[in-house]
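The following exercises are intended to be worked with the sequence and the model side by side. Each task is followed by a solution in steps.

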Amino acid sequence: MEKILHKERIDDWISALTGWEVLSPALEDGIWAYRPVSGAVRLDHPNTTQPPKGLAFPQREVFFSFEQIKGEAPRLTQILPDTVQRAVFGVRPCDGRGAVRMDRVFGDHVEDTYYQARRKNVAYVGLACNQPPSANCFCLSVGGSPVSTDGLDVLLTDLGDRYFVAAVTETGKALMTAANSLFDEPADADRQQLKSVHTEALAQPQRAVHNPDAVPAKLKASFKSPLWEELARACIGCGICTFLCPTCHCFDINDEVTGSAPLKGNRVRTWDNCQFPDFTMHTSGHNPRPTVGARLRQRVCHKFQYFPENFGMPQCTGCGRCISECPVGIDIVSVVNKVVEHAG
Amino acid sequence: MINVRDIRDAARDLLAKGEVRAVIGYRRGSRGMAAEPVVITAPEQADELVWDPTCFHNLALYLVEDRKFLAHSRKAPGAPIAIIAKGCDARAIVVLMQEHYFKREEVYIIGVSCEGVGVLDERKLAGHVPGTPTDAAFEGDDFVFTTPEGEKRLPAREVMADRCLECRAPFPKEHNVVFGEDKTGRELAAPFAALARFEEQGATERWDFWRRQFERCIRCFACRSVCPMCYCDECVVDSITFPVAPETTADEKANRIRWIERSAVRSENITYHMTRAMHLAGRCIDCGECERVCPVNIPLRLLNNKMEREARERFGYEPGASIGAASLVASFNDSDPGSFIR
């Protein structure tokens with residue numbers, strides 16, 4: 001399904017989505033974040049600081065609560081994700097492709113019921129990147145594109161005073177059908193303009209991973225390279241790179257006690273972070289990744305070697321957040337290129 | 001104005017003569033125009049060093065890293081390590097010496113004066129220059145940016161970090177060698193100006209403000225990781241740093257107090273940030289790195305500034321002013337007004 005939507009009608013479209021909570025990028029407290037829509041929606045954002053990943057995989061979620069009253073059996077109460085349907089407007093293609101990867105991780109071998117329950121209620125209305133939204137974009141190097149529809153339900157392309165709206169999935173069609181009368185049929189001129197806008201978008205200069213096809217093998221051959229410590233020399237060991245990543249999915253599970261008489265609390269899943277020193281700490285005290293170099297290697301090889309080996313695609317989608325936000329300039333594109341170059 | 005060649009010459013000379021074993025400095029990074037920290041160990045690497053408005057980082061952090069590395073690998077330090085230090089960075093180094101983290105003779109301070117300016121706040125730059133600048137340079141009281149559409153000159157004040165505008169000591173008093181003029185006394189903004197503006201609000205508004213800020217924290221711990229003063233191996237409010245060794249017993253592991261839970265929720269985030277602010281009282285030298293690196297833009301300087309101003313007003317204490325001075329929380333004075341101490 002392909003339609004034309006005049007820009008001033010986007011708010012009417014959103015209003016017509018009864019039964020959906022609609023989110024769009026908003027500049028709040030100095031950062032771009034997805035927020036429930038209040039007022040007019042203008043999709044003129046760069047990219048959000050955090051991807052929309054948290055809607056399906058929140059940083060914190062409670063699996064169940066527990067209570068132990070003396071002399072009684074422990075009481076467990078399962079907490080299920082809410083069933084609100086959420087449509088996210090303005091999702092960049094890299095983040096759509098991030099969702100594809102998350103879906104594989106939480107669905108391929110073991111179905112993560114909590115993830116799936118949330119994911120099926122989230123729809124992504126993407127926005128093609130006519131211009132790279134960040135100076136550190138490199139989606140073309142990881143099999144993506146600024147006009148990719150992977151993982152999206154609808155793709156909007158900005159044609160000046162109107163959007164070209166293409167449904168990608170059945171959910172996307174349903175979102176459009178909900179406001180059928182607002183859309184126009186695309187004319188030949190619209191299709192031609194779409195084609196030229198997409199062609200121009202694809203020709204925009206980006207950062208580049210050199211010879212991406214060779215990367216997994218070169219990384220594999222570089223596991224013991226001393227270069228990792230050198231490249232991580234400035235790393236401060238914070239968690240920005242992974243916490244802002246659209247595809248990082250590691251988590252930890254803890255029991256968080258909220259009261260002692262009677263004993264009660266929650267079993268909680270939270271994001272974990274391979275850049276933190278305790279991430280692979282064994283109970284013996286041995287840590288197979290004891291240094292920042294070993295931890296940088298893990299992050300890079302997971303994205304560019306292990307994930308391709310396991311799922312046939314790079315895990316990284318080239319959004320560039322980890323580069324833009326790193327406090328000390330550690331740059332995954334440059335790291336990959338240097339290691340590959342060094343491997344010869 | 002500082003000529004970067006002088007800094008390079010000094011670094012090259014120190015390394016060539018073996019007077020230092022490494023120089024911690026800045027070099028051009030691959031992320032746009034920003035400089036990045038680098039540790040050089042060979043004289044020929046000195047040409048990589050840069051000095052420009054993107055030298056934001058407080059490199060004192062890497063002195064701490066170096067010390068930890070030496071301790072861990074049980075190596076003797078040998079020759080001192082050199083570091084390029086702005087006024088704020090030099091104050092951080094002084095605090096570390098006050099706390100006996102290392103000795104004066106173990107560090108060679110190559111001071112760089114910020115003169116009449118300071119470093120760039122990248123967030124302020126948006127909208128001021130077209131496209132993505134590829135280079136930034138000092139030019140008197142201006143910053144000059146190289147952009148795809150040519151050079152763009154801006155008064156530094158418009159895009160400088162708040163911490164630099166409010167800085168009272170832009171000249172690194174503690175140094176072995178120093179470059180640039182001493183312009184101490186320049187008044188770009190009143191000290192604690194941002195804090196004073198913030199405190200014009202009532203208590204309710206301020207509490208609402210912080211509740212909103214801490215709601216957003218994702219507990220990436222970048223504020224702590226970037227702080228030269230947060231050198232504890234074990235952070236009291238964060239279980240991810242609890243050291244575990246083969247001799248750590250199961251009981252010890254199980255019974256460690258968790259002051260905050262792993263969940264990045266407001267109550268836990270507030271406890272983390274408040275504890276950190278208290279632990280920095282009389283130690284924070286306002287390099288502002290915590291605020292710069294925060295990916296969700298929490299104005300952390302306000303908290304640390306508040307503690308800094310309390311120390312100054314109540315005890316006349318300036319962190320990082322003198323190596324010989326006792327640290328604020330490790331000293332007392334008979335004339336302290338508080339009655340609890342007597």
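Two strands count as paired if DSSP finds at least two bridges between them. The model used throughout is a predicted one.

**Exercise 1. The mixed sheet of chain B**

Task: Determine which residue of strand 3 of chain B stands opposite V23(B), and place strand 1 and strand 3 of chain B in their sheet.

Solution.
Step 1. Strand 1 (residues 22-28) and strand 3 (residues 81-85) of chain B are joined by 3 bridges and run parallel. The cut-off of at least two bridges is that for pairing.
Step 2. Within strand 3 of chain B, the residue opposite V23(B) is A82(B).
Step 3. The sheet is open, has 5 strands in the order 2-1-3-4-8 (chain B), and shows mixed pairing.
Step 4. Strand 2 (35-40) and strand 8 (177-179) of chain B have a single partner strand each, so one side of each lacks a neighbour in the sheet. On average, neighbouring strands of this sheet are turned by 25° against each other, direction ignored.
Step 5. Two helices are then added. Helix 1 (residues 4-16) of chain B lies across strands 1, 2, 3, 4 and 8 of chain B, at about 170° to strand 4 (107-112). Helix 3 (residues 87-98) of chain B lies across strand 3 and strand 4 of chain B, at about 155° to strand 4.

**Exercise 2. The antiparallel sheet of chain A**

Task: Describe the sheet that contains strand 4 and strand 11 of chain A, and locate the cis peptide bond that ends at P262(A).

Solution.
Step 1. Four strands are arranged in the order 5-4-11-10 (chain A) as an open sheet with antiparallel pairing. Its edges are strand 5 (75-78) and strand 10 (251-260) of chain A, each of which pairs on one side only.
Step 2. Strand 4 (residues 60-68) and strand 11 (residues 263-271) of chain A run antiparallel and are joined by 8 bridges. In this sheet, F64(A) faces R267(A) of strand 11 of chain A.
Step 3. The loop between strand 10 and strand 11 of chain A contains P262(A). The peptide bond from A261(A) to P262(A) is cis, with omega near 0°. Most peptide bonds are trans.

**Exercise 3. Contact between the chains**

Task: State how many residues of each chain are in contact, and which elements of chain A supply at least two of them.

Solution.
Step 1. The contact involves 36 residues of chain A and 34 residues of chain B.
Step 2. On the side of chain A, helix 8 (240-243), strand 10, strand 11 and helix 10 (321-325) each supply at least two residues.
Step 3. By class, that side of chain A consists of 15 nonpolar, 13 polar and 8 charged residues.

**Exercise 4. Positive phi values**

Task: Decide whether D29(A) is buried, partly exposed or exposed, and do likewise for N297(B).

Solution.
Step 1. D29(A) is not a glycine, yet has a positive phi of about 50°; D29(A) lies in the loop between strand 2 (20-28) and strand 3 (31-36) of chain A.
Step 2. A residue is buried with 20 or more other C-beta atoms within 10 Å, and exposed with 12 or fewer. D29(A) has 15 other C-beta atoms within 10 Å and is therefore partly exposed.
Step 3. N297(B), also other than glycine, has a positive phi near 60° and lies in the loop between helix 12 (289-293) and helix 13 (301-315) of chain B. N297(B) has 15 C-beta neighbours inside 10 Å, so N297(B) counts as partly exposed.

Note on methods:
Residues are numbered from 1 along each chain as its sequence is written. Chains are lettered from A and ligands numbered from 1 in the order in which they are written. This is a predicted model: local features need pLDDT of at least 70, side-chain atom pairs count only at pLDDT 80 or more; totals for chains, interfaces and linings use all residues. Two residues are in contact if their C-beta atoms, placed from the backbone, lie within 7 Å. Ala, Val, Leu, Ile, Met, Phe, Trp, Tyr, Cys and Pro count as nonpolar, Asp, Glu, Lys and Arg as charged, and the others, Gly among them, as polar. Axes are lines fitted to C-alpha atoms, for helices over the stretch in contact, and angles run from 0 to 180 degrees between N-to-C directions.
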